[in-house]
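Reader: I've just opened this one and I'm not sure where to start. Could you walk me through it, beginning with the charged side chains?

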Amino acid sequence: MTRPPGPLRPLRLSRRRTGHAVVPALAAAALLTTAGCSAGDGAGSGAAAKGDAAVSASPVAAGQAPSPSPSVTVAPTLTEAQVKSALISNKDLGKGWKPTRGGATWRDALLKGKTDIAECQRLLDGLYAEDLLGEPAGARAVRGLDDTDDGAQVRYQVGAYDRAALDASLAWLKEVPGKCGQFTATDVRGGELSVQVAATPLPGVGEARESLRMKVYGESGGSPAVLTLDFAAVRVGDSALSLTNGGLDGVSANSTRQAAQLGTQRLQDVLAGKKPAARPANEEADAEG
């Protein structure tokens, strides 16, 4: 006996089968949509590709710092010729100044000393070795000048430094008068040196500057002697000039300030790509060691 057909039941798809069926369909639709956009706008696609390539090739996208813009602060690139051209000459200091004939005799007698105070020892060692600002990170040139009238001697140098180290040295120099305003040391013969240090003013040159005047009481050539020594340093970008002006018969503070002021201008000219003022043809071109 044939049974009449029952009511139709709706078809039910399992959740698992439905999920697998939808994913390929969506993926296919996405591929078709992408292909359609590419075919319909070839120029726009090419521009986007080029834009992506440009971004990925940029230093920022690659995690690299962009190259610094050219400026006068990128001083470690100075050449030997450039630092030499930034040196002052005897002509800058006026009549009576000549290229040096050698280190002054008072250097060993009154600058080469030993003390138990670390900060003051650093001061003496730095003045004697002419590296009170630390070792340059790039080129350096030095020139010596003698005052034939009163026996003073200037030791002048220009160098390219690491900026952080240079700023640290200048900050330390600012504290020296407070830490080493007065101290004693022992000279190479075992005699006593009495030292006084004070801050002195400089013209508002460069980006940072420090200046000291030191008096050393001791013996030189077997006789009592008093050394007066000025030290000045000026920073311009990552470069700096420094100088000592010393003598047993006193020194001119004006000569120290003049050397710092004219020297700063020469250094700024060199860093800016300008040619410093021409010097007389008979002047020595090379820096004195």
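Author: Sure, and keep in mind that this is a predicted model. A good starting point is R107 and E130, whose side chains meet in a salt bridge with an N to O distance of 3.8 Å.

Reader: Which parts of the chain does the pair R107 and E130 tie together?

Author: R107 sits in helix 5, residues 106-110. E130 belongs to the loop between helix 6 (118-129) and strand 3 (140-147). So the pair ties together parts that lie 23 residues apart in sequence: helix 5 and that loop.

Reader: Is R107 buried or exposed, and what about E130?

Author: The cut-off for buried is under 20% relative accessible area. R107 has 12% relative accessibility, so R107 counts as buried. E130 has a relative accessible area of 16%, so E130 too is buried.

Reader: Which residue is linked with R107 and E130 in a network of salt bridges?

Author: We've already met the salt bridge of R107 with E130. These two are part of a network of salt bridges, and the residue linked with them there is R155.

Reader: Now over to R189. Which side chains does R189 meet in salt bridges?

Author: One salt bridge joins R189 to D187, at 2.9 Å from N to O. Another, at 3.5 Å from N to O, has R189 meeting the side chain of E219. In that second pair, R189 is in the loop between strand 5 (182-187) and strand 6 (192-199), while E219 is 30 residues away in strand 7 (residues 208-220). The partners you asked for are D187 and E219.

Reader: How do R189, D187 and E219 stand: buried, partly exposed or exposed?

Author: Exposed means over 50% relative accessible area and buried means under 20%, with partly exposed in between. R189 comes to 53%, so R189 is exposed. D187, at 5%, counts as buried. E219 has 33%, so the word for E219 is partly exposed.

Reader: How many salt bridges does the whole structure have?

Author: The pairs we've looked at include R107 with E130 and R189 with D187. Searching the whole structure gives a total of 9.

Reader: Zooming out, what share of the protein's residues count as buried?

Author: For the overall picture, the secondary structure comes to 8 helices and 9 strands. The protein has 289 residues, and the share that counts as buried is 38%.

Reader: And among contacts between residues at least 6 apart in sequence, what share join residues at least 24 apart?

Author: A contact here means heavy atoms within 4.5 Å. Among the contacts you describe, the share joining residues at least 24 apart is 64%.

Note on methods:
Residues numbered from 1 in each chain as written. Predicted model: local features only at pLDDT ≥ 70, side-chain atom pairs only at ≥ 80, totals over all residues. Heavy atoms only, no water. Salt bridge = Lys/Arg side-chain N within 4 Å of Asp/Glu carboxyl O. Helix = DSSP H or I, 4+ residues; strand = E, 2+ residues; numbered from the N terminus. Buried < 20%, exposed > 50% of the residue type's maximum accessible area, 1.4 Å probe, protein only.
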